[in-house]
Amino acid sequence: FAVYPFVFRRRFATLTGPWAVAALSGVLHFPVVYHLVKAAWPTDFPGIVPALFAVPPLVSLMAIRRAPAGDARARLNQVAWYGGVALLFLTLIFPIQFERQWLTVGWALEGAALLWLFHRVPHAGLRGTGIVLLVAAFARLALNPAVLEYHPSSGTALLNWYLYTYGIVTACLFAGARLLARPAGREPDRTASAERAPPHERGPGLNAPPLLDALGTVLAFLLLNIEIADFFSVPGSRVLTFQFSGNFARDMTYTIAWALFALGLLLIGIWKKIRPGRRAALALLGVALLKLFLHDLARLEALYRVGALFAVAAIAIVASVAYQRFLPGTGKSPAEKT
């Protein structure tokens, strides 16, 4: 499959189908070979299988890049197919090696990698596929409660599989937003002059960077709550549950963590001049304050009440000062000062 289009290179020079089939053949073969190796020759390094599958598309990609320039559109499609498949196998090495949630992590890594490739091979298909993979990875973690039942609690606070899975997907969402927020680069061989518009001017009329930033923020907040719930859960429990009453330390940890998260989101919103981010931060800070006054304080002794009020009040004061000092229109933001 890999050699076939090169044997008839002159006949297929202006086509895309034969090259796409050759590139995707490895994707179809990979599950069969991977499960065969896993069953017949178990190894401590399963990541070697996708690493070997990345070799044919990489070699094919090098051959296409070194060939004389032909039809610009066909060559752009060929490079996009082989580059995307090569990145697919390269990004599968890490999640397969560490196994847990490898499919979701693989989607996120591949999505971010395709958006990185889009800056070098400005093909609209890479951009669209990358966005779809990132959104799918988010949906699998944020909208699928069963994901919290797939693996028992590791017994390790913070440095656990929740941080590994949710952290990587969150980082990929933010990385994808940053990649789409700046113009794509030029192809080294200049075969795609028609595709050199900024990313937000190509493809569907979707303003992707704010969407990916919003999804990354939601997932980061979800990770924060999962880590707190895991920290206070019974060791060895299979299902992670969220409880917001009955434990003083856990209740106050949620409240203070929400307030700190809101403060960080507010500072970023002020610095980057993102109005929806500032509004979301103020809303979350308001929820934290309501939880403190209507729920937490009623269950605290006098000394603990003073400490809880002091902690949340300090966060609220910092947020208020930052909002009044650096809010665009009432003062200079850090970006304006620099």
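Here are some friendly notes for a first look at this structure, which is a predicted model.

1. **The overall fold.** Let's start with the whole chain. The chain contains 14 helices and zero strands, so its pattern along the sequence is helix after helix, α-α-α-α-α-α-α-α-α-α-α-α-α-α. Of the 338 residues in the chain, 42% are buried.

2. **The nonpolar core.** Which residues have the most contacts inside the largest nonpolar core? They are Phe 30, Tyr 162, Tyr 166 and Leu 173, in a core of 75 residues. Helix α9, covering residues 161–181, gives this core its largest share, with 11 residues. As background, nonpolar side chains in soluble globular proteins tend to be buried together.

3. **Thr 170 in helix α9.** Staying with α9, have a look at Thr 170, which sits in this helix. Thr 170 counts as buried because its relative accessibility is 8%, and the cut-off for buried is under 20%. Its C-alpha lies 4.9 Å from that of Gly 216, although the two residues are 46 apart in sequence.

4. **The salt bridge.** How many salt bridges does the structure hold? There is one, and it joins Arg 178 to Asp 213, with 2.9 Å between the closest N and O atoms. This pair links distant parts of the chain: Arg 178 belongs to helix α9 and Asp 213 to helix α10 (residues 208–231), with their positions 35 residues apart in sequence. The two partners fall into separate accessibility classes: Arg 178 is partly exposed, at 45% relative accessibility, whereas Asp 213 is buried, at 16%.

5. **Helix α6 and its kink.** Helix α6 runs over residues 72–98, which makes 27 residues. From its first C-alpha to its last it reaches 40 Å, close to the 39 Å expected at 1.5 Å a residue. Where is the kink in this helix? It lies at Leu 92, shortly before the proline Pro 95, and amounts to about 30°.

6. **Pro 122, between two helices.** Another proline to find is Pro 122, in the loop between α7 and α8 (124–142). Is Pro 122 buried or exposed? Pro 122 is buried, because its relative accessible area is 1%. Its C-alpha is 8.1 Å from that of Leu 76, a residue 46 positions away in sequence. Leu 76 falls within the residue range of helix α6, 72–98.

7. **Ala 108 in helix α7.** Helix α7 covers residues 102–118, and Ala 108 is placed in it. With a relative accessibility of 0%, Ala 108 counts as buried. The C-alpha atoms of Ala 108 and Ile 131 are separated by 9.4 Å, while the residues are 23 apart along the chain.

8. **A nonpolar patch on the surface.** Close to the start of the numbering, Val 3, Tyr 4, Val 7 and Phe 8 make a nonpolar surface patch of about 390 Å². Phe 8 is placed in the loop between α1 (4–7) and α2 (9–12). Why does Phe 8 count as partly exposed? Its relative accessibility is 33%, and partly exposed residues are those between the buried limit of 20% and the exposed limit of 50%.

9. **Lys 273 and its phi angle.** Most residues other than glycine have a negative phi. Lys 273 has a positive value, near 60°, and is not a glycine. You will find Lys 273 in the loop between α11 (248–271) and α12 (275–296). Lys 273 is partly exposed, since its relative accessible area is 45%.

10. **Leu 290 in helix α12.** The last stop is Leu 290, which is found in helix α12. Which class does its accessible area give it? Leu 290 is exposed, with a relative accessible area of 52%, just past the cut-off of over 50%. The C-alpha atoms of Leu 290 and Thr 255 are separated by 9.5 Å, and the two residues are 35 apart along the chain.

Note on methods:
Residues numbered from 1 in each chain as written. Predicted model: local features only at pLDDT ≥ 70, side-chain atom pairs only at ≥ 80, totals over all residues. Heavy atoms only, no water. Patch = residues over 30% accessible without salt bridge, like charges linked within 9 Å, V, L, I, M, F, W, Y side chains within 5 Å. Areas by Shrake-Rupley, 256 points an atom, 1.4 Å probe, with all protein chains shown as cover. Salt bridge = Lys/Arg side-chain N within 4 Å of Asp/Glu carboxyl O. Helix = DSSP H or I, 4+ residues; strand = E, 2+ residues; numbered from the N terminus. Buried < 20%, exposed > 50% of the residue type's maximum accessible area, 1.4 Å probe, protein only. Expected span 1.5 Å × (residues − 1). Bend = angle between axes of the 7 residues up to and from the residue. Core = buried A, V, L, I, M, F, W, Y, C linked by side-chain atoms within 4.5 Å.
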